[in-house]
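Open the model in your viewer and keep the selection tool ready. Each stop below names what to pick and what to look for there.

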Amino acid sequence: MPWAVTAAILLVGCWVQTALGFGMAVIAAPVIVMVKPEWVPVVLTITALNLSVFNSWNQRAAIEIHQLRIPFITRIPGTVLGTWLLLQLNAFWLQIFVASTVLLAVIISYKGPQFSYTPSRLGWAAFVSGLTGTTTSIGGPPMALVMQHGAPMTVRANLSVFFVYSCALSLIGYWLADILTLDLLLVSLTFVPFCLLGFFTGKQARPYVDAGRFRPLLLVICGFAGTFALVGTLSRA
């Protein structure tokens, strides 16, 4: 049952991330952390790495790599801090942290002002992304908040490249902290077909999403996922 639920929610998450530019972990983590908490964040991070490689190659013509130089640097200390924090949290607090991170991202996205592409903002966003991404695999919202008002194709392409780099850093951190095991690696590989299906179907949805539906769709889905996870976790406390 946990495997089937995880496969289904990863399929939906990969579809959303391919269509929107981010959101796979935002949608999948609150559900997986309830049915199989030991799979968070490693299985999510491996799936996100696979998906980001596919998306980066598919949108390679729109990548503007110079915008990511500072984020590539500041993501490193965020990863270090996130790895340390991951080792300090038990399953209950990890669930609370995941759900709270999702809901905070929704609130900031809804209430926050428009952000421009300044190097300092991208740098701080990458640091926070490293912290939340390594801890919960939810590293997209900080970067997406800064980049969300750019051209959709460029935002999606740059986020995908950043996620490839970010996921690789996080997996190195998990390996050094003895969190990345062979069992987790093998179970992650069983979800690759669902990742691919989400990728291929998500590409077809990009025109629909770009027609003024980006923010409403994302906020509704994220808000529901975060609320569901938070209420479910507290009800079992």
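**Stop 1: S100.** This is a predicted model. Start by selecting S100, which sits in helix α5, residues 91-111. Is S100 buried, partly exposed or exposed? Its relative accessibility is 33%, so S100 counts as partly exposed. Now add A144 to the selection. S100 and A144 are 44 residues apart in sequence. Their C-alpha atoms are 18 Å apart in space.

**Stop 2: A126.** Select A126, found in helix α6. A126 has a relative accessible area of 0%, so it is buried. What surrounds A126? Leaving aside residues up to four places away in sequence, A126 touches P71, T74, R75, M143 and F162. Measure one distance here: the C-alpha atoms of A126 and T74 are separated by 5.9 Å. Along the chain, those two residues are 52 apart.

**Stop 3: α4 against α6.** Widen the selection to helix α4 (residues 69-88) and helix α6 (residues 119-136). Two packed helices are described by the angle between their axes and the distance between the axes. For α4 and α6, the angle is about 30° and the axes are 6 Å apart. Angles under 35 degrees count as roughly parallel, and α4 and α6 are therefore roughly parallel to each other. The crossing of α4 past α6 is right-handed.

Show side chains at the contact. On the α4 side, pick I70, P71, T74, R75, P77, G78, T79, L81, G82, T83, L85 and L86. On the α6 side, pick P119, L122, G123, A126, F127, S129, G130, L131, G133, T134 and T135. Colour them by class: 11 are nonpolar, 11 polar and one charged.

**Stop 4: α1 against α10.** Next, select α1 (residues 2-20) and α10 (192-210). Their axes come within 6 Å and cross at roughly 35°. α1 passes α10 in a right-handed crossing. From α1, the contact uses W3, A7, L11, C14, W15, T18, A19 and L20. From α10, it uses F194, C195, L197, G198, F199, T201, G202, K203, A205, R206 and V209. By class, this contact has 13 nonpolar, four polar and two charged residues.

**Stop 5: the aromatic rings.** How many aromatic pairs does the structure hold? There are eight. Zoom in on W3 and F191. Their ring centres are 5.5 Å apart and the planes lie at 20°, so the pair is stacked. W3 lies in α1, while F191 is in the loop between α9 (182-189) and α10, so the pair ties together parts that are 188 residues apart in sequence. Now compare surfaces. W3 counts as partly exposed, at 37% relative accessibility. F191 is buried, with a relative accessible area of 0%. Add W39 and F194 to the selection: W3, W39, F191 and F194 form one aromatic cluster.

**Stop 6: two backbone details.** Most residues other than glycine have a negative phi, and most peptide bonds are trans. Select V40 and P41. A cis peptide bond joins V40 and P41, with omega about 10°. P41 is in the loop between α2 (24-35) and α3 (42-58).

Finish at D178, in the loop between α8 (152-176) and α9. Phi of D178 is near 60°, a positive value in a residue other than glycine. D178 is exposed, with a relative accessible area of 66%.

Terms used
Residues numbered from 1 in each chain as written. Predicted model: local features only at pLDDT ≥ 70, side-chain atom pairs only at ≥ 80, totals over all residues. Heavy atoms only, no water. Axes fitted to C-alpha atoms, helices over the stretch in contact; angles between N-to-C directions. Helix = DSSP H or I, 4+ residues; strand = E, 2+ residues; numbered from the N terminus. Parallel < 35°, antiparallel > 145°, perpendicular 65-115°, else oblique. Left-handed = near helix turned anticlockwise from the far one by under 90°. Contact = heavy atoms within 4.5 Å. Nonpolar A, V, L, I, M, F, W, Y, C, P; charged D, E, K, R; others polar. Phe/Tyr/Trp six-rings, centres within 6.5 Å; stacked < 30°, edge-to-face > 60°. Buried < 20%, exposed > 50% of the residue type's maximum accessible area, 1.4 Å probe, protein only.
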